[in-house]
Amino acid sequence: SLVLLALSPPPSGLEAEHGTLFTTDSLLFLHELISTFNEEVDEVLRLRVSRKTHLDLSGELPSFLKSTTHIRRDPAWRVLPVPPRLQRRHVDIGDLAPCDTQRFIKALLSPAQGIQVDFDDGNCPTYHNQIRAHRSSTSHVFTDAPHISQAPVLMLRPRAWNMVEHNMMVEGRELPAPLFDFGLLMFHCGSTLFENNSGPFFYLSKVESFMEARLWNKIFVWTQQKLGLPLGCIKATVLIENVLAAFEMEEILYELRDHSAGLNCGIWDYSASFVNKFGHRQAFLLPDRSKYVNMEKRFLRSYMDLLVQTCHRRGALATGGMAAPLLPPGALSDSHSRVLAAVTRLKLLEIKAGVDGFMVYDLGLIEPMQKLFKLHTEGDNQLHQFRNDVTVTPDDLLSMPAGGVTLNGLKYNIAVGVLFINAWLAGNGHFFYRGQVEDSATAEISRSQVWQWIRHQTRLEDDSRVVSRRLVTDLTNKVMMELSARCPSASAKQKLNTAADMFLEVVLKRDFPEFITTYLNQDHTFLCSQSCGQVEALDEDTHRSKL
């Protein structure tokens, strides 16, 4: 039968890498994977829309599902034990976009126990970046320095369901991006990772329901059978970064019980999901994140406690979020000590809550955080901490923190939103600002809060001014004057102005755009990125080739 598959030509300078990735066999595998699951991907995305519409029309709030009570009440089931390499993973390096080859190599040589190989939050999916990222990820498994069994274990994070891959079409449709990423990774290195007792291990982003976990499980089973791998060798950590998923954690583990590496909690995507699902409701006004939102607040502390309790009850690992601060140079400096103390305090809260590991961005934080785990825990993990002291109710999970909006918080959110779009326009998925790494997760919460504060005409604590279209536009112009000083050229300044215009477009929309990355990826499509990072718009018809 005729295989209907279209693939963009290689980005300039990556012809060899492109050819190595897209062999006849790998393309046939991708075609079959996509054809098999395309309709089911559409179905889970339609379920998302349907559920959101129901909540909006009914005014109801989520709760623990009555239809799955039997799963939660059954004490017998457990996830399969994870392989030895996942048993002790106190500190992973997070947000590592594998297209950044230098950082990837440094991470492989570091003392970290794992690396989040990130095609999602920390990565901008231009075609150039995707080819480099996949080549880096798959070539590592065939190198001996360091040997794959000795290097930090690779935790591969494909893009989330909201993303599409623009550079390949199967049967006339662009691909679901997570299947493109997952398929290439499994085809090229799944067997080698398994043979070296080092995987294949995955992070699954932005899962919203147990039905989505069920789909991933079917994809895992199909892929293992297709590639001749033992059932259950794929292990996945699901990121619980949506408020609706928080009510289905046991069900998500149950669906993936043969393939589960546990659950993960993170602060900013999860907080932004409240605006996504309930942002138009006054009762869910989220206050200034820089002043009033942290893991000590009831709604976030309850979410982390429930995640740890749920995982450990079922024999699954529970991991915390990523420490975004960057350590200033000079280990003896006051600023270095302050940052380290701040990270230590917040990560100690997670350790005492019972997490089995977490992530850091700065490689200099790896050893201090590993020592923190050693000092306050015993053994490889904390699976013995069942957290029977915890009883989390729907009210706990849905309790918004008290607080208002500050001028500094509003300006900070504007700056992060503008700078993220600016980075994306240059082909980068993250950037550095005020001593920490920022990525799509912090961009999500930043633009979400600005949209919501305008929507509810919230007043500033500082001077009672209303957060309005006029105020946000004026403040964006002021922030731009500060940020423009960082621009090395006229073209850089022009790009920053474009980013500011796009930011205002997002936060002033009548309806809330569900994901900023979807907005950037589909409303402002990247079809090609040159190696210098300057994005070109190419004519799609001209630059498709039939295979």
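A residue is classed as buried when its relative accessible area is under 20%, as exposed when the value is over 50%, and as partly exposed in between. In this predicted model, Arg 157 has a relative accessible area of 3% and is therefore buried. The residue belongs to strand β4, which spans residues 153–157.

Arg 157 and Asp 439 are the positions to which UniProt, in an unreviewed entry, assigns the feature "active site". Both Arg 157 and Asp 439 are included in the lining of the largest pocket. The surroundings of Arg 157, leaving aside residues up to four places away in sequence, comprise contacts with Asp 95, Gln 116, Val 117, Asp 118, Phe 119, Asp 120, Asp 121, Gly 122, Tyr 203, Ser 205 and Leu 239. With one of these, Asp 118, the side chain of Arg 157 makes a polar contact through the Asp 118 side chain, at 2.9 Å.

Asp 439, the other annotated position, is placed in the loop between β13 (436–438) and α18 (440–455). Its relative accessible area is 7%, so Asp 439 also falls under the 20% limit and counts as buried. Outside the four neighbouring places in sequence on either side, Asp 439 touches Asp 95, Asp 121, Gly 122, Phe 420, Gly 429 and His 430. Asp 95, Asp 121 and Gly 122 thus appear in the contact lists of both Arg 157 and Asp 439. The side chain of Asp 439 also reaches the backbone nitrogen of Ala 441, at 2.9 Å.

Backbone geometry was examined as well. The peptide bond between Gly 199 and Pro 200 is cis, with omega about 0°. Pro 200 is located in the loop that runs between α7 (177–195) and β7 (201–204).

Positive phi values occur at Glu 171 and at Gln 457, neither of which is a glycine. For Glu 171, phi is about 50°, and the residue sits in the loop between β5 (164–170) and β6 (173–176). With a relative accessibility of 47%, Glu 171 does not pass the 50% limit and is therefore partly exposed. For Gln 457, phi is likewise about 50°, and the residue is found in the loop between α18 and α19 (469–484). The relative accessible area of Gln 457 is 57%, which is over 50%, so this residue is classed as exposed.

Note on methods
Residues are numbered from 1 along each chain as its sequence is written. This is a predicted model: local features need pLDDT of at least 70, side-chain atom pairs count only at pLDDT 80 or more; totals for chains, interfaces and linings use all residues. Side-chain values use heavy atoms; hydrogens and water are left out. UniProt positions are given in the numbering used here, feature names are shortened, and annotations may be inferred rather than shown by experiment. On a 1 Å grid over the protein atoms alone, a cavity is a set of points where a 1.4 Å probe fits but cannot get out, and a pocket is an open set with protein on both sides within 12 Å along at least five of seven lines; lining residues have an atom within 4 Å of a point. Helices (H or I, at least four residues) and strands (E, at least two) are DSSP runs, numbered from the N terminus. Buried means under 20% relative accessible area, exposed over 50%, partly exposed in between (1.4 Å probe, protein chains only). Contact means heavy atoms within 4.5 Å. A polar contact is a pair of N or O atoms within 3.5 Å; within protein, one must be able to donate a hydrogen and the other to accept it, and residues adjacent in sequence count only if both atoms are side-chain atoms.
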